[in-house]
Amino acid sequence: RGLGDVYKRQVLHYVYAVLHDPVYREKYALNLKREFPRIPLYGAVRADFWRWADWGRELMALHIGYEQIDTWPLKRIDTPDAKVRTAGQVPKCVLKADTATGRIVVDSETVLDGVPPEAWHYKLGNRCAIDWVLDQYKEKKPKDPTIREKFDTYRFADYKERVIDLLLRVTTVSVETVKLV
């Protein structure tokens, strides 16, 4: 394949791969914080472009199709919280990760164990993808009293199983992305 065969989609895949390149991210870290990224053309050989485009295509398929990929086989440990249950309440939302032990504490009853170390290395900005998901689903009280009174309807317990499924998929995406990168 020559460069005359380049189509918009292949250019997009190439750029996506370059933006995930750790060497590129480190070298241009300051520039990426201040301005639009500038994308280098790697290698003088035409085959290099196609190799990068293929990597970008694989990354993009993984990231866009995360809802269809297999979940990572994390061990789910459910230990009933008797104190909360006898009070007639739902388990307390925790959503906290422990990278040292490879555990995610979901709530006062549920823990996900066996997160592989490489899953913590896939970053979205300055934090790993798993931490990003945990932060997005935490229960937060709005500061404004009017908003808090009328619109504070989110309860983690209503979405617990969906969040667990998402964490299993994001773990797979993170591990596979680190392998590709």
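**Exercise 1. Leu-166**

Task: In this predicted model, determine in which helix Leu-166 has its place, whether Leu-166 is buried or exposed, and which residues Leu-166 touches beyond four places in sequence.

Solution.
1. Leu-166 belongs to helix α8.
2. The relative accessible area of Leu-166 is 16%. Buried means under 20%, so Leu-166 is buried.
3. Leaving out residues up to four places away in sequence, Leu-166 touches Tyr-66, Val-133 and Tyr-137.
4. For a distance along the chain, take Pro-142, which is 24 residues from Leu-166; the C-alpha atoms of these two residues are separated by 25 Å.

**Exercise 2. The second largest pocket**

Task: State how much space lies in the second largest pocket, which residues line the second largest pocket, and what classes the lining has.

Solution.
1. The second largest pocket holds about 210 Å³ of space.
2. Its lining consists of Leu-62, His-63, Tyr-66, Tyr-122, Leu-124, Ala-129, Trp-132, Val-133, Leu-166, Val-170 and Val-173.
3. Two or more of the lining residues come from each of α4 (46-64), α6 (129-136) and α8.
4. Sorted by class, the lining has ten nonpolar residues, one polar residue and no charged residues.
5. Leu-166, treated in Exercise 1, is one of the lining residues, as are Tyr-66 and Val-133, both of which Leu-166 touches.

**Exercise 3. The largest pocket**

Task: Describe the largest pocket by the space that lies in it and by the class of its lining residues.

Solution.
1. The space in the largest pocket amounts to about 500 Å³.
2. The pocket is lined by 17 residues, of which Leu-19, His-20, Arg-25, Lys-123 and Gly-125 are the closest to its centre.
3. Elements giving two or more residues to this lining are α1 (8-20), α2 (22-27), α3 (29-34) and α8 (160-180).
4. By class, nine lining residues are nonpolar, five are polar and three are charged.

**Exercise 4. The buried face of α6**

Task: Identify which residues of α6 are buried and where they fall as seen down the axis of α6.

Solution.
1. The buried residues of α6 include Ala-129, Ile-130, Val-133 and Leu-134.
2. Viewed down the axis of α6, the buried residues fall within an arc of 140°, so they line one face of the helix.
3. Among the elements covering these residues are β2 (93-98), β3 (103-107), β5 (123-124), β6 (127-128) and α8.

**Exercise 5. The nonpolar cores and Leu-95**

Task: Establish which members of the largest nonpolar core touch the most other members, and which residues are in contact with Leu-95 beyond four places in sequence.

Solution.
1. The largest nonpolar core has 26 residues, and those touching the most other members are Leu-95, Ile-104, Val-106, Leu-112, Val-115, Ile-130 and Leu-167.
2. β2, β3, α6 and α8 each give two or more residues to this core; the largest share, eight residues, comes from α8.
3. Leu-95 is found in strand β2 and, at 1% relative accessibility, counts as buried.
4. Apart from neighbours within four places in sequence, Leu-95 is in contact with Val-105, Val-106, Leu-134, Tyr-137, Lys-138, Phe-156 and Val-163.
5. A second, separate core has eight residues, including Ala-17, Val-18, Tyr-24 and Phe-49.
6. As to backbone geometry, most residues other than glycine have a negative phi. Leu-95 is not a glycine, yet has a positive phi of about 45°.

**Exercise 6. Ala-100**

Task: Decide whether Ala-100 is buried or exposed.

Solution.
1. Ala-100 lies in the loop between β2 and β3.
2. Its relative accessible area is 74%. Exposed means over 50%, so Ala-100 is exposed.
3. Ala-100 and Pro-117 are 17 residues apart along the chain, and their C-alpha atoms are separated by 8.3 Å.

Conventions. Residues numbered from 1 in each chain as written. Predicted model: local features only at pLDDT ≥ 70, side-chain atom pairs only at ≥ 80, totals over all residues. Heavy atoms only, no water. 1 Å grid on protein atoms, 1.4 Å probe; cavity = no way out; pocket = protein on both sides within 12 Å on 5 of 7 lines; lining within 4 Å. Points joined across faces, edges and corners; volume = space filled by probe spheres on them. Helix = DSSP H or I, 4+ residues; strand = E, 2+ residues; numbered from the N terminus. Nonpolar A, V, L, I, M, F, W, Y, C, P; charged D, E, K, R; others polar. Buried < 20%, exposed > 50% of the residue type's maximum accessible area, 1.4 Å probe, protein only. Arc of directions from axis to C-beta. Contact = heavy atoms within 4.5 Å. Core = buried A, V, L, I, M, F, W, Y, C linked by side-chain atoms within 4.5 Å.
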